Amino acid sequence: MNHHLLQSLIGQIRRGSLVRVAGPRFFSAASTEEYAKRNYANNVFEYNTVYGSLTAQRRYFLLRDAYDDMMLDGVKPSRDTFHSLVVGTMKGARMQDAFYFIDQMKIMGLVPDVNLYNFLISTCGKCKNSDQAVKILEEMKCMEVKPNVRTYICLLHAFAAHGRLDRVYAVVRDMTAAGLGLDKFCYAGLIIALKNKTPIPDDFAAKVIEFVERSKMWSSVETNSENAENVMIGVSDEELYNLPTAEYVNRRGPFLVRAFAAYHTAFYAAADVKNVELMEKLLDVMNKEGKTPDLYIMTQIIRCYCNAGDIDRALQTFDEHHNSGKPPAAELFVTLAEGAMVGHTEKGMQIAQDILVRMNQRNFFLNNKMGSDLLLLAAGEKTGGYTTANYIWDLMRARNIVPSFAAVEAYYQGLKDREIPADDPRLLLVTRTYDNLRIRFGNRTSFNA
């Protein structure tokens, strides 16, 4: 489905189900041509395509509306329909919608299979509701749906997201007792649980290194091969288990070496807790094994230095990588720019702007998410010339990209707080964009998320 058609159907969905009730209910009063114009889907195949398109465009909040339209049209959902809907709600972390679709499925006499239950547990993990994840496992047993290895790993990660280390260890014991070996995703979950535990354990760094080392000892029961059905509907193991690398899995080239899953999570954790010593120790472990960090790990190294307040070391790492002839990536530029802007110091804001200029000169461009995140951060600058925020806005405007509502709102307020003439062209354009987005999406917190 092309982009323009998707935008058209989104507009029709947004007008709400009341408008569509008038179509099917009073069909005899409307011409076939008029009804066809109102309809964006006519059968289960077309509706399934719509759900897939909405999910691909991250318009997860529209799935429920589109499903309501399907019901009003009298189109009967298939099992594939519910798979598409539950996957979309999982990716959008919309737990209430996910349970609604499962309930609808049961009403229609369809029993959820193990994959659907896994998606539900994964959604609970994304929403940090591990208690609900346990209830799903109990329901599976009542419905005589046998859990598989992925079920346990999803549950492990649901507990890990909550920092419930004791429950994570309990899942590990259950897996071991059932003869299921631990793979890299299990050790990644253990690392995440350590990071999220409050307070962070005293042996955090030592345990992270231990789990990384143990992740290399492949188990007799390997779960690395992805479920064929999950692959077909676009769900990777990284996404199913809510790993920090999930959004990069489909990137081509050397950005992400998927075999490094435990390393990825470990470097991410080190950056989150600002532990430069741990990060450098992990780098030493990799070097001793003759492994070269992929681009994702490089972004975490830069992020770790930035989070620890060492912008100079972050910039040095960036330049060393840049000068080594290794492949660059837009994320490296963006990570350094974001890190430099923390605190909105004069030096940091200038470094961020310089990096973005270099990025633009290398013909790397900001996508909507990157640009929106950067603009939102830059817009928080209270003093100074606001040149970094202005530059980010201009970069996005040059490519006709409209930032997220939150970013535009922050930028608009920042401009209003400065002594700018009311007829300034930039202020007028930003005001117009802000007003349009407020009308259309002011109540949609997930717009362009």
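I take a residue as buried when its relative accessible area is under 20%. The model I am reading is predicted.

**Entry: ring pairs**

I looked up the aromatic pairs and got a count of 17. One of them joins Y100 and F101, which meet edge-to-face. For this pair I noted 5.6 Å from centre to centre and an angle of 65 degrees between the planes. The angle is over 60 degrees, so the edge-to-face label applies.

I then checked how accessible the two residues are. F101 has a relative accessible area of 0%, so I entered F101 as buried. Y100 comes to 22% relative accessibility and therefore goes down as partly exposed.

I next turned to Y187 and F211. Their ring centres are 6.3 Å apart and their planes stand at 35 degrees, so I logged the pair as tilted. I traced both residues to their helices: Y187 belongs to α12 (residues 184–196) and F211 to α13 (residues 204–215). With the two positions 24 residues apart, the pair links distant parts of the chain. Are Y187 and F211 buried or exposed? I found both Y187 and F211 buried.

**Entry: cluster**

Which residues form one aromatic cluster with Y100 and F101? I found Y67 and F82 in that cluster.

**Entry: charges over rings**

I also looked for arginines placed over ring faces. R251 sits over the face of F255, 4.3 Å from the ring centre. R303 sits over the face of Y268, where I noted 4.7 Å to the ring centre.

Key
Residues numbered from 1 in each chain as written. Predicted model: local features only at pLDDT ≥ 70, side-chain atom pairs only at ≥ 80, totals over all residues. Heavy atoms only, no water. Phe/Tyr/Trp six-rings, centres within 6.5 Å; stacked < 30°, edge-to-face > 60°. Buried < 20%, exposed > 50% of the residue type's maximum accessible area, 1.4 Å probe, protein only. Helix = DSSP H or I, 4+ residues; strand = E, 2+ residues; numbered from the N terminus. Lys NZ or Arg CZ within 6 Å of the ring centre and 35° of its normal.
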